[in-house]
Number of protein chains: 2
Amino acid sequence: MKILIDVMGADNGLGEIVTGSLNALKKIEYTPIFVGPEDQIRPLIPENLFEKIEIIDAQDVITNEDRPATAIRRKKDSSMVKAFNALKDGKANGMISTGNTGALLAGASLIIGRIENIDRAAITLISPGLRSNTIMLDVGANMDISPELMVQFAKMGRSYAKVLFQKDDPSVGILNIGVEEGKGNNLCRETYDLFKNESFNFIGNIEPYDLLDNDADVLVTDGFAGNIALKSVEGTAKTILSLLKSSISKSLFTKIGGALLASSIKEAMSSLDLDGTGAAPLLGSKQAVFKAHGSSNSRQIEVGIMQIIKFIEADVIADIKANMEQSHE
Amino acid sequence: MKILIDVMGADNGLGEIVTGSLNALKKIEYTPIFVGPEDQIRPLIPENLFEKIEIIDAQDVITNEDRPATAIRRKKDSSMVKAFNALKDGKANGMISTGNTGALLAGASLIIGRIENIDRAAITLISPGLRSNTIMLDVGANMDISPELMVQFAKMGRSYAKVLFQKDDPSVGILNIGVEEGKGNNLCRETYDLFKNESFNFIGNIEPYDLLDNDADVLVTDGFAGNIALKSVEGTAKTILSLLKSSISKSLFTKIGGALLASSIKEAMSSLDLDGTGAAPLLGSKQAVFKAHGSSNSRQIEVGIMQIIKFIEADVIADIKANMEQSHE
């Protein structure tokens, strides 16, 4: 099993990416193929591991400021484009990147191509939850979409949920502003009608109020609403946690209070399993392409690599293909 | 100044509503007209205030389970419909309710009517912010709308922001998934084009990541995305605060830690000014109709009443009317 690892574009630099990849190597048999500037990657690899890894040298980088499709077309020497080309040429089983999400999506479409009968690929998010995690899609790639595409999203999400959550019949919900049938915009209402007639385990609408605590294994939404929800959750968490931090650093008493609470807070927050969410696939792509968060630490990269290997071993893409053929018979 | 106060439909019962209204009476000159079951309201009023208040007896209630338009048409003896009719008949200057939002919107439309040249009324939210609060609209009334309606929302929001924030030229932003021009769904992109040509102070797109910390006085969105954002924020705050609480109650040490931190956390959270957000108007209605959160405590009701009085005294509705005439000249 060979995994292409685009080391560029992470907020915390390529060290976290390389470290996470090498940590995964201690737990699972695979060959990391690092794609990026060899002169920066090589010094990070212990000599005894030289034989277990490969490097594809790439001196250019696609930044978050680059225009996605243009960058994919023009930046031939970038780590992301070189990884895509290696994947297309069969040099690896999958690739993972923390880089520009739009470019990753453009590369998956322009270089790798989509699964037959899938109209558009989706950005997937493994959303942490108190009861269980949820595969949410689309969280940013596709706006103004049809209810038929929402059905494709549901089916792709289910194929992955079977593997990720080890469930035979994963449940599907629609992200909506109310739980009752008939709530929401036209897209949600028409999607509800279609989902009712599908054979999968449809559990109805899920309100964003319950985003971190719901029963859906797969939560379907258009890329606009999904991204609004995702960024609202992140922004609120950021604001509250920064207020909490500033209230702890206020005085000697509050610092003692913070110290007494630290491990308990950490334990409580870990029930949200933020580290466990790692990375997520661009579902709809013909080959395994995983996106990890730009701010990933080495632990998240490690988890992400375990996830892409599981995704490839379980052949989720074959399962999606089979489902899509069925629905077109 | 007379304000109709629908005492029914609050999560915490009518006591909080009556108490908050009477507390406002200590600070500001006005006549509360309580609408609801007189036998339950009367015992809550101190005898020395009997002359300062009025009661309209109403024995029925519109619940959150009622279908909005149907309830407004049929439940003639409900507190909400009786309040609307009194407002229409000129018996008061405005009304405030914690009840069923959809019904409130239906009543504002069916009984009170809309301002000329406003196509649809919007549910407004005063969103708390670290730097300053924001008037956000629409947060749940109108889905699948036109960019032209977004312009009307912006103008109505500005009329209210002038009064609420005492600013001559309030800034307007669009809730969107990215800050750059060209980001988002069709509605956002077309709205951006229209806003650029308006004479108001347009500051571009605001990401939900910055929902609690941004520079917009007025944040315009369609009711679907606005409600998704609002409920995502509420749900995340709820989840994190409940995790925090459970981590404090864990042991004797953590309880001591929590006690040492309590006032500091409270102070930090108060920078979000949750209590100060009180209630918000249904903008577009011909008369002042304010919605307070169902879970409002007496303090929030008190603030809400101060806000509706300010709204009426400053004649925000006349300002909206004047703006709408201008744009149709």
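**Entry 1. Strands β5, β10 and β11 of chain A**

I looked first at how strand β5 (residues 122–127) of chain A pairs with β10(A): two bridges join them, and the strands run antiparallel. I note at once that the model is a predicted one. For a residue-level anchor I took A:Ile123, whose bridge partner in β10(A) is A:Leu282.

I then followed β10(A) to its pairing with strand β11 (residues 288–292) of chain A, where I found three bridges, again in an antiparallel arrangement. Here A:Ala280 has A:Lys291 of β11(A) as its bridge partner. The two strands form a hairpin with four residues between them. In that turn, A:Gly284 has a positive phi of about 120°.

I also checked the cover over β10(A), which spans residues 279–283: five of its five residues are buried. I keep in mind that side chains in a regular strand alternate between the two faces of the sheet.

**Entry 2. Helix α4 of chain A**

How many residues of α4(A) are buried? I find seven of the ten in this helix, which runs over residues 79–88, and I record it as mostly covered. The buried positions are A:Ser79, A:Met80, A:Val81, A:Ala83, A:Phe84, A:Ala86 and A:Leu87. As background to this list, an α-helix has 3.6 residues a turn, so residues three or four places apart point the same way. Just after the helix I noted A:Gly90, which takes a positive phi of about 80°.

**Entry 3. Salt bridges within chain A**

I counted salt bridges over all chains and obtained 26. I examined the pair A:Glu302 and A:Lys27, in which the closest N and O atoms are 2.5 Å apart. A:Glu302 belongs to helix α10 (residues 298–313) of chain A and A:Lys27 to helix α1 (residues 14–27) of chain A, so this salt bridge ties together parts that are 275 residues apart in sequence.

Are the two partners buried or exposed? A:Glu302 counts as buried, because its relative accessibility is 6% and the limit for that class is under 20%. A:Lys27, in contrast, counts as exposed at 55%, the cut-off being over 50%.

I next took the salt bridge between A:Arg42 and A:Glu38, at 2.8 Å from N to O. Both ends fall in the intermediate class: A:Arg42 is partly exposed with a relative accessible area of 30%, and A:Glu38 is partly exposed at 28%. I also recorded a salt bridge between the side chains of A:Lys75 and A:Asp66, with an N to O distance of 2.8 Å. Returning to A:Lys27, I see that salt bridges with shared partners join A:Lys27, A:Arg299 and A:Glu302 into one network.

**Entry 4. The contact between chains A and B**

I turned to the interface, to which chain A and chain B contribute 53 residues each. The two chains bury about 4,600 Å² between them, with 73% of this on carbon and sulfur atoms. Which residues of chain A lose the most area to chain B? They are A:Ile177, A:Tyr209 and A:Phe224, which together account for 15% of what that side buries.

For the polar part, I counted four salt bridges between the chains. I inspected the one that B:Glu207 forms with A:Lys231, where the N to O distance is 2.8 Å. I also found eight residue pairs in polar contact between chain A and chain B, with both residues at pLDDT 80 or more.

I then asked which helices supply the chain A side. α7 (186–196), α8 (223–248) and α9 (252–270) of chain A each give at least two residues to the side that touches chain B. α8(A) gives the most, with 21 residues. By class, I list 28 nonpolar, 16 polar and nine charged residues on this side of chain A.

**Entry 5. B:Thr134**

Last, I looked up B:Thr134, which lies in strand β6 (residues 134–137) of chain B. With a relative accessibility of 3%, B:Thr134 counts as buried. What lies 3.0 Å from a polar atom of its side chain? I found the backbone oxygen of B:Ala216 there.

Leaving aside neighbours within four places in sequence, I recorded contacts of B:Thr134 with B:Leu125, B:Ile126 and B:Ser127, with B:Phe165, and with B:Asn214, B:Ala216, B:Asp217, B:Val218 and B:Leu219. B:Ala216 thus appears in my notes both in this list and as the residue whose backbone oxygen lies 3.0 Å from the side chain of B:Thr134.

Notes: Residues numbered from 1 in each chain as written. Chains lettered and ligands numbered in written order. Predicted model: local features only at pLDDT ≥ 70, side-chain atom pairs only at ≥ 80, totals over all residues. Heavy atoms only, no water. Buried < 20%, exposed > 50% of the residue type's maximum accessible area, 1.4 Å probe, protein only. Polar contact = N/O pair within 3.5 Å; in protein donor to acceptor, adjacent residues only side chain to side chain. Contact = heavy atoms within 4.5 Å. Buried area = accessible area lost by both parts, 1.4 Å probe. Nonpolar A, V, L, I, M, F, W, Y, C, P; charged D, E, K, R; others polar. Pairing = 2+ DSSP bridges.
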